[in-house]
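Welcome! Here is the structure, followed by a short guided tour of some of its residues and helices.

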Amino acid sequence: RTLQALTIAEIDQLSAVEGIGEVVAESVVEWFAEPSNHQMLQKFESFGVQAQEVKEIGGKLSGLHFVITGSLQRMSRDQAAEQIRALGGNFQSSIGKDTDFLIVGDNVGASKLKKADKLGTKQISEDEMLKMLHE
(Lines give C-alpha, C1' and ligand atoms only; values in the text may rest on other atoms or scores of the structure.)
Protein backbone atom coordinates (compact mmCIF):
# COMPACT_ATOMS: atom_id res chain seq x y z
CA ARG A 1 0.00 0.00 0.00
CA THR A 2 1.08 3.53 -0.61
CA LEU A 3 1.22 6.13 2.12
CA GLN A 4 -1.77 7.91 0.55
CA ALA A 5 -3.82 4.72 0.64
CA LEU A 6 -3.22 4.49 4.38
CA THR A 7 -4.52 8.02 4.94
CA ILE A 8 -7.99 7.00 3.72
CA ALA A 9 -8.08 3.66 5.56
CA GLU A 10 -11.22 3.12 7.56
CA ILE A 11 -11.01 2.37 11.28
CA ASP A 12 -12.97 -0.85 10.86
CA GLN A 13 -10.53 -2.07 8.19
CA LEU A 14 -7.56 -1.40 10.45
CA SER A 15 -9.34 -2.97 13.42
CA ALA A 16 -9.66 -6.19 11.41
CA VAL A 17 -5.86 -6.54 11.33
CA GLU A 18 -4.49 -9.09 13.81
CA GLY A 19 -3.34 -7.34 16.99
CA ILE A 20 -4.89 -3.94 16.22
CA GLY A 21 -7.88 -2.82 18.21
CA GLU A 22 -10.18 0.13 17.74
CA VAL A 23 -8.09 2.53 19.84
CA VAL A 24 -4.92 1.84 17.84
CA ALA A 25 -6.84 2.02 14.56
CA GLU A 26 -8.24 5.42 15.50
CA SER A 27 -4.74 6.62 16.42
CA VAL A 28 -3.33 5.48 13.07
CA VAL A 29 -6.08 7.23 11.12
CA GLU A 30 -5.62 10.42 13.18
CA TRP A 31 -1.83 10.30 12.69
CA PHE A 32 -2.16 10.08 8.91
CA ALA A 33 -4.73 12.90 8.91
CA GLU A 34 -2.23 15.31 10.49
CA PRO A 35 -0.61 17.56 7.80
CA SER A 36 2.71 17.83 9.68
CA ASN A 37 3.04 14.04 9.55
CA HIS A 38 2.53 14.16 5.76
CA GLN A 39 5.36 16.67 5.55
CA MET A 40 7.61 14.41 7.59
CA LEU A 41 6.80 11.42 5.36
CA GLN A 42 7.50 13.50 2.26
CA LYS A 43 10.85 14.49 3.76
CA PHE A 44 11.66 10.81 4.34
CA GLU A 45 10.75 10.08 0.71
CA SER A 46 13.02 12.90 -0.48
CA PHE A 47 15.89 11.14 1.34
CA GLY A 48 15.06 7.90 -0.47
CA VAL A 49 13.01 6.16 2.21
CA GLN A 50 10.24 4.27 0.47
CA ALA A 51 7.28 2.46 2.02
CA GLN A 52 7.44 -1.27 1.48
CA GLU A 53 4.63 -3.76 1.31
CA VAL A 54 4.54 -5.83 4.46
CA LYS A 55 4.62 -9.53 3.80
CA GLU A 56 3.22 -12.12 6.16
CA ILE A 57 5.88 -13.54 8.44
CA GLY A 58 5.95 -17.30 8.46
CA GLY A 59 7.60 -19.52 11.00
CA LYS A 60 7.16 -22.48 13.24
CA LEU A 61 4.87 -20.47 15.56
CA SER A 62 2.76 -19.06 12.72
CA GLY A 63 -0.88 -18.77 13.69
CA LEU A 64 -0.27 -19.41 17.41
CA HIS A 65 -1.24 -16.86 20.06
CA PHE A 66 0.69 -16.39 23.32
CA VAL A 67 0.09 -14.51 26.58
CA ILE A 68 2.46 -14.20 29.55
CA THR A 69 1.41 -13.98 33.16
CA GLY A 70 3.84 -13.24 35.96
CA SER A 71 7.53 -12.46 35.55
CA LEU A 72 10.00 -14.48 33.52
CA GLN A 73 13.46 -15.40 34.84
CA ARG A 74 15.53 -15.64 31.65
CA MET A 75 14.23 -12.72 29.59
CA SER A 76 11.94 -9.73 29.75
CA ARG A 77 8.37 -9.87 28.53
CA ASP A 78 9.36 -7.66 25.57
CA GLN A 79 12.20 -10.00 24.63
CA ALA A 80 9.85 -13.00 24.76
CA ALA A 81 7.29 -11.17 22.61
CA GLU A 82 10.00 -10.27 20.08
CA GLN A 83 11.17 -13.88 19.81
CA ILE A 84 7.61 -15.18 19.46
CA ARG A 85 6.85 -12.65 16.71
CA ALA A 86 10.14 -13.43 14.92
CA LEU A 87 8.95 -17.02 14.56
CA GLY A 88 5.54 -15.96 13.22
CA GLY A 89 3.59 -16.17 16.48
CA ASN A 90 1.27 -13.53 17.91
CA PHE A 91 1.89 -12.00 21.32
CA GLN A 92 -1.18 -10.79 23.19
CA SER A 93 -1.51 -8.78 26.38
CA SER A 94 -4.70 -10.52 27.49
CA ILE A 95 -6.23 -13.96 27.11
CA GLY A 96 -8.99 -14.44 24.57
CA LYS A 97 -10.72 -17.37 22.96
CA ASP A 98 -8.00 -17.42 20.27
CA THR A 99 -5.11 -17.68 22.78
CA ASP A 100 -3.26 -20.97 22.37
CA PHE A 101 -0.70 -20.75 25.20
CA LEU A 102 -0.48 -18.98 28.54
CA ILE A 103 3.16 -18.77 29.61
CA VAL A 104 3.16 -18.94 33.40
CA GLY A 105 6.05 -17.18 35.15
CA ASP A 106 6.65 -16.29 38.80
CA ASN A 107 4.27 -14.20 40.94
CA VAL A 108 1.28 -14.74 38.68
CA GLY A 109 -2.06 -13.03 38.92
CA ALA A 110 -5.02 -15.30 39.47
CA SER A 111 -7.25 -13.63 36.86
CA LYS A 112 -5.29 -14.83 33.80
CA LEU A 113 -5.02 -18.35 35.22
CA LYS A 114 -8.73 -18.45 35.91
CA LYS A 115 -9.58 -17.18 32.42
CA ALA A 116 -7.16 -19.68 30.85
CA ASP A 117 -8.86 -22.52 32.75
CA LYS A 118 -12.29 -21.31 31.67
CA LEU A 119 -11.27 -21.06 28.00
CA GLY A 120 -9.20 -24.25 27.96
CA THR A 121 -5.98 -22.40 27.12
CA LYS A 122 -2.87 -24.57 27.50
CA GLN A 123 -0.60 -23.35 30.29
CA ILE A 124 3.15 -23.76 29.83
CA SER A 125 6.24 -22.83 31.84
CA GLU A 126 8.99 -20.47 30.76
CA ASP A 127 11.19 -23.53 30.10
CA GLU A 128 8.53 -25.03 27.82
CA MET A 129 8.27 -21.71 25.96
CA LEU A 130 12.06 -21.61 25.50
CA LYS A 131 11.99 -25.16 24.18
CA MET A 132 9.34 -24.14 21.62
CA LEU A 133 11.43 -21.14 20.59
CA HIS A 134 14.69 -23.04 20.18
CA GLU A 135 13.59 -26.44 18.80
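## A buried threonine in a loop

T99 is buried in this predicted model, because its relative accessible area is 6%, below the 20% cut-off. This threonine sits in the loop that runs between β2 (90–92) and β3 (101–104).

What does the side chain of T99 make a polar contact with? Its partner is the side chain of Q92, at 2.7 Å. A polar atom of the T99 side chain also lies 2.9 Å from the backbone nitrogen of G96. Setting aside neighbours within four places in sequence, the residues in contact with T99 are H65, V67, Q92, S94 and T121.

## One salt bridge

How many salt bridges does the structure hold? There is one, and it joins D127 to R74, with 2.7 Å between the closest N and O atoms. This pair links distant parts of the chain, the two residues being 53 apart. D127 belongs to helix α7 (residues 126–134), while R74 is in the loop between β1 (65–69) and α5 (77–86). As a general background, side chains of opposite charge can pair when their charged atoms come close.

Are these two partners buried or exposed? R74 counts as exposed, because its relative accessible area is 53%, over the 50% cut-off. D127, with 45% relative accessibility, is partly exposed.

## The largest nonpolar core

In soluble globular proteins, nonpolar side chains tend to be buried together. Here, the largest nonpolar core has 15 residues, and those touching the most other members are L72, I84, I103 and M129. Two or more residues of this core come from each of β1, α5, β3 and α7.

I103 makes a good example to look at in the viewer. Leaving out neighbours within four places in sequence, its contacts include F66, V67, I68 and T69, along with L72 and I84. I124, S125, E126 and M129 are also in contact with I103.

## Helix α3 and its two sides

Helix α3 covers residues 22–33, which is 12 residues. At 1.5 Å a residue it should span 16 Å, and its end C-alpha atoms are 16 Å apart, so the expected and modelled values agree.

Which residues of α3 are buried? They are A25, V29 and F32. These three cover an arc of only 70° around the axis, so they lie on the same side of α3. On the face turned away from that buried side, you will find the exposed residues V23 and E30.

Key: Residues are numbered from 1 along each chain as its sequence is written. This is a predicted model: local features need pLDDT of at least 70, side-chain atom pairs count only at pLDDT 80 or more; totals for chains, interfaces and linings use all residues. Side-chain values use heavy atoms; hydrogens and water are left out. Helices (H or I, at least four residues) and strands (E, at least two) are DSSP runs, numbered from the N terminus. Buried means under 20% relative accessible area, exposed over 50%, partly exposed in between (1.4 Å probe, protein chains only). A polar contact is a pair of N or O atoms within 3.5 Å; within protein, one must be able to donate a hydrogen and the other to accept it, and residues adjacent in sequence count only if both atoms are side-chain atoms. Contact means heavy atoms within 4.5 Å. A salt bridge is a side-chain nitrogen of Lys or Arg within 4 Å of a carboxyl oxygen of Asp or Glu. A nonpolar core is a set of buried Ala, Val, Leu, Ile, Met, Phe, Trp, Tyr and Cys residues joined through side-chain atoms within 4.5 Å. The expected span of a helix is 1.5 Å times one less than its number of residues. The arc is that of the directions from the helix axis to the C-beta atoms.
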